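Please look over the chain shown here together with its ligand. The report is meant to be read beside the sequence and the coordinates.

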Amino acid sequence: MRVSIVGSGYVGSVTAACFAELGHEVICIDIDEEKVRQINDGYPPVWEEGLEELMNKHVGKNLIATSDYDYAVQNTDVSFICVGTPSSDNGEIDLSIVAAASKSLGESIASKNAYHTVVVKSTVVPGTTEGVVRSILEEYSARKAGETLGLAMNPEFLREGRAVHDFLNPDKIVVGSLDRRSDSIVSGLYRDIDCEVTSVNLRTAEMIKYVNNAFLATKISFANEVGNICKRLGIDTYQVMDAVGRDFRINPAFLNSGAGFGGSCFPKDVRALIGSAKDLDYYPSLLESVIEVNELQPLQMVEILEDKLPEIKDKRIAVLGLAFKNDTDDIRESRSIPVIRKLLEKGADIHAYDPLAADNMKKVFPDITYASSAQEALEGAQACLLMTEWDEFRKLNTEFDSMDRKLLVDGRYLLDPEELEDVEYEGLCW
Ligand code: UDX
């Protein structure tokens, strides 16, 4: 099939490259000429494992990029909206980019004769595709959705860093649609993937995405709450969760307690779901607690540190890990941010290190010291806080010898104190 993809961020680029890999004719649309040029040169605008290989393989053959909506709409049958939905200041999602993309698509569809289907892949609160996107498309295309204009919602469940793998090997494919024709067109795009398609209506598809992320975030906050209790009882929470996760009704994934969840999805999506509930006069107390536990969790790192090192002012503290998780340079909602902020309030001299994310963190904290290795960050430090689950941190051992005081607060269960000589080890929840 012929597909156009609006937006070349991580969801759009991965969707484009993977649809090309599935044999479809793909046109990426982006208003940023630099991204268009990059894609046409075979370089993805974002880093994702395996993405560059796929782009190189398909670009110029069945994958191209353009900034020309008319060209893309004329030459494809389906357009996916894969643009960002950032949080606005009041925590609600900002739909201005989705609205702008819908308007541009609508205008281009107006000058086309054939049937065209628009699919929302961006994460939007229930009711948005039907309310906002549909009305803008109908206004600018002068068509009626469900008749000569198809409309669908197809959420993504892609983890950053693993997005290509997740796209091609999904646990589920959800297609929400206004009418049967749109459902069969969108479902047909995934024909060669070995996974059943769940067909629902538009707002159910939107809700499935939020509930999926809210449930995973809830698992993490639950594990963190249990971890905090275990710590006070002197119990290793990882042993507890290892056993609990064997219950097939619970499953072992996402029960790792630690400094909490970050990233571009979990915090934003849980807050947006809370906002939607409140708009409907329902107070979602469980979801509020999921966020509250997640905000308090990283600060406990500092409390544990202060128990051991009561005067932090002017003390050299190594912070290892700035990305919100391993294998990414993304620092959005990273749990290191509130920790560094708190340490700065207390006057600490911070020496931070991350294998990929230091440049991004420099924009948030330009005045702390950035080391070029874990070893360099640790040299002369009075304490070390381990914030991100990078594999290279799991191998740290003799590097701690260069510290002034070998005090380590592990926020991710990365190191085994039995293996470390003379290190004062404190786990966050264990
Ligand atoms: C997530 C979802 O997994 C994905 O399906 C969705 O579409 C986008 O959001 P991502 O944000 O890339 O993906 O990160 P993920 O790997 O899920 O981890 C999120 C955060 O939770 C990280 O900060 C991680 O450190 C934390 N986490 C994860 C835990 O604290 N404990 C766990 O057990 C698992």
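The text below covers the domains, the ligand and its surroundings, and then several individual residues.

This is a predicted model, in which local features need pLDDT of at least 70 and side-chain atom pairs count only at pLDDT 80 or more, whereas totals for chains, interfaces and linings use all residues. Residues are numbered from 1 along each chain as its sequence is written, and side-chain values use heavy atoms, with hydrogens and water left out.

**Domains**

The domain assignment, whose bounds come from an automatic or database source, gives domain 1 (2-200), domain 2 (210-296) and domain 3 (299-427). The C-alpha centres of domain 2 and domain 3 are 23 Å apart, and 17 residues of domain 2 are in contact with 13 residues of domain 3, where contact means heavy atoms within 4.5 Å.

**The ligand and its shell**

Around the ligand there are 20 residues, of which Glu 160, Asn 256, Phe 324, Lys 325 and Glu 389 come nearest; a residue is counted as near if one of its heavy atoms lies within 4 Å of the molecule. By residue class, the shell divides into 9 nonpolar, 4 polar and 7 charged residues, with Ala, Val, Leu, Ile, Met, Phe, Trp, Tyr, Cys and Pro taken as nonpolar, Asp, Glu, Lys and Arg as charged, and the others, Gly among them, as polar. Helix H9 (residues 202-233) gives the most to this shell, with 3 residues; helices (H or I, at least four residues) and strands (E, at least two) are DSSP runs numbered from the N terminus.

The table lists polar contacts of the ligand, a polar contact being a pair of N or O atoms within 3.5 Å; within protein, one atom must be able to donate a hydrogen and the other to accept it, and residues adjacent in sequence count only if both atoms are side-chain atoms.

| Ligand atom | Protein partner | Distance |
|---|---|---|
| oxygen | Glu 156, side-chain N or O atom | 3.5 Å |
| oxygen | Leu 158, polar backbone atom | 3.3 Å |
| oxygen | Phe 324, polar backbone atom | 2.8 Å |

On its own the ligand has 670 Å² of accessible area, and the protein covers 93% of it; accessible areas come from the Shrake-Rupley method with a 1.4 Å probe, and for residues only the protein chains shown count as cover.

**A buried asparagine**

Asn 154 lies in the loop between strand E6 (149-153) and helix H7 (163-168). Asn 154 counts as buried because its relative accessibility is 1%; buried means under 20% relative accessible area, exposed over 50%, and partly exposed in between (1.4 Å probe, protein chains only). The side chain of Asn 154 makes a polar contact of 2.9 Å with the side chain of Lys 121. Not counting residues up to four places away in sequence, Asn 154 touches Phe 80, Val 119, Val 120, Lys 121, Ile 173, Val 174, Val 175, Val 186 and Tyr 190.

**Two residues with positive phi**

Most residues other than glycine have a negative phi. Asn 251, in the loop between helix H10 (237-244) and helix H11 (266-279), has a positive phi near 75°, and its relative accessibility of 37% places Asn 251 in the partly exposed class. Asp 281, in the loop between H11 and helix H12 (285-308), also has a positive phi, near 65°; with a relative accessible area of 75%, Asp 281 is exposed.

**Further positions**

Val 240 is found in helix H10 and is partly exposed, with a relative accessible area of 27%. Leaving aside neighbours within four places in sequence, Val 240 is in contact with Cys 230 and Ile 235, while the C-alpha atoms of Val 240 and Ala 223, 17 residues apart along the chain, are separated by 9.8 Å.

Glu 288 lies in helix H12 and, not counting residues up to four places away in sequence, touches Ile 274, Lys 278 and Tyr 283.

Ser 402, in the loop between helix H16 (391-394) and strand E13 (407-410), counts as partly exposed at 23% relative accessibility. Beyond its neighbours within four places in sequence, Ser 402 is in contact with Gln 375, Leu 378, Glu 379 and Gly 380.
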